[in-house]
Amino acid sequence: MSTGAAETDTQAENVAKTSGITPTSLQNTLKEKLQAEHVEVEDMSGGCGQAFNAMIVSPQFEKKNTLARHRLVNSALKTEIAAIHAWTPKCLTPEEWQKKQSEAGS
């Protein structure tokens with residue numbers, strides 16, 4: 001009985017090709033649906049398109065706690081998330097992002 005999960009590298013590559021989900025496609029969707037000012041998406045699955053980490057900066061996160069931010073992102077990517085195995089977003093407001101960048105430069 002198949003679970004739908006890729007069991008070999010070849011199967012993983014085929015899943016990525018057929019799902020059409022790439023870091024670029026996720027970035028474009030987030031920028032469009034959340035008016036994100038900055039989006040970084042990294043494929044953590046070695047190229048098979050099944051696990052992604054993301055940094056998302058959007059003014060829509062203002063006055064929202066972490067759970068509400070994640071729900072907003074998950075709603076924007078409902079179709080995409082259903083087709084991948086793991087999704088880990090980090091959601092910041094533009095002000096929080098600017099502060100983080102300043103601290104990193106110190």
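Okay, let's start with contacts: of those in this protein with a separation of 6 or more, 57% join residues 24 or more positions apart. Keep in mind that this is a predicted model. The average pLDDT is 86, and 81% of the residues score at least 70.

Where should you be careful? Residues 1-6 have pLDDT under 50 throughout, and the model gives that stretch 3 contacts beyond four places in sequence. Helix 1, residues 9-19, has the lowest mean pLDDT among the elements, at 56. At the other end of the scale sits helix 3, which has the highest mean, 97.

Now the overall layout. We've got 5 helices and 3 strands, and going from the N terminus the order is α-α-β-β-α-α-β-α. The protein has 106 residues, and 33% of them count as buried. About 6900 Å² is exposed, with carbon and sulfur atoms supplying 48% of that.

On to the sheet. It's an open one, with 3 strands in the order 1-2-3 and mixed pairing. Strand 1 and strand 3 are the edge strands, each pairing on one side only. On average, neighbouring strands here are turned by 10° against each other, ignoring direction.

As a quick reminder, strands of a sheet pair through backbone hydrogen bonds, and they can do that parallel or antiparallel. Here's how that plays out. Strand 1, residues 38-43, pairs with strand 2 in the antiparallel sense, over 6 bridges. If you want to find that on your screen, look for His38 and its bridge partner in strand 2, Val57. On the other side, strand 2 pairs with strand 3, residues 86-92, in the parallel sense over 7 bridges. Two pairs to click on there: Phe52 has Trp87 as its bridge partner in strand 3, and Asn53 has Thr88.

So how covered is strand 2, residues 51-57? Mostly covered: 6 of its 7 residues are buried.

What lies against the sheet? Helix 2 lies across strand 1, strand 2 and strand 3, and it runs at about 155° to strand 1. Helix 5, residues 94-105, packs on the sheet as well, and it touches strand 1, strand 2 and strand 3. The direction of helix 5 makes about 90° with that of strand 3.

Let me zoom in on a few residues. Glu40 is in strand 1. Is Glu40 buried, exposed or partly exposed? It counts as partly exposed, because its relative accessibility is 42%, and the window for that class starts at 20% and ends at 50%. The Glu40 side chain makes a polar contact with the side chain of His38, at 2.7 Å. Leaving out residues up to four places away in sequence, Glu40 touches Gln27, Asn53, Ala54, Met55 and Trp97. Take Gln27: it's 13 residues from Glu40 in sequence, and the two C-alphas are 7.0 Å apart.

Next, Arg69, which is found in helix 3. You might expect me to call an arginine exposed, but Arg69 counts as buried because its relative accessibility is 9%, and the cut-off for buried is under 20%. What does the side chain of Arg69 reach? One target is the backbone oxygen of Cys91, at 3.0 Å. Another is the backbone oxygen of Phe61, which lies 3.3 Å from a polar atom of the Arg69 side chain. Setting aside neighbours within four places in sequence, the contacts of Arg69 are Phe61, Lys64, Cys91, Leu92, Thr93 and Glu96.

Last topic, backbone angles. Most residues other than glycine have a negative phi. Two residues here have a positive one. Gln35 has phi near 50°, and Gln35 sits in the loop between helix 2 and strand 1. With 45% relative accessibility, Gln35 counts as partly exposed. Lys63 has phi near 60°, and its place is the loop between strand 2 and helix 3, residues 66-76. Lys63 is exposed, at 87% relative accessible area.

That's the tour, so let's open it up for discussion.

Key
Residues are numbered from 1 along each chain as its sequence is written. This is a predicted model: local features need pLDDT of at least 70, side-chain atom pairs count only at pLDDT 80 or more; totals for chains, interfaces and linings use all residues. Side-chain values use heavy atoms; hydrogens and water are left out. Buried means under 20% relative accessible area, exposed over 50%, partly exposed in between (1.4 Å probe, protein chains only). Helices (H or I, at least four residues) and strands (E, at least two) are DSSP runs, numbered from the N terminus. Two strands pair if DSSP finds at least two bridges between them. Contact means heavy atoms within 4.5 Å. A polar contact is a pair of N or O atoms within 3.5 Å; within protein, one must be able to donate a hydrogen and the other to accept it, and residues adjacent in sequence count only if both atoms are side-chain atoms. Accessible areas come from the Shrake-Rupley method with a 1.4 Å probe; for residues, only the protein chains shown count as cover. Axes are lines fitted to C-alpha atoms, for helices over the stretch in contact, and angles run from 0 to 180 degrees between N-to-C directions. pLDDT is the predictor's confidence in each residue, from 0 to 100.
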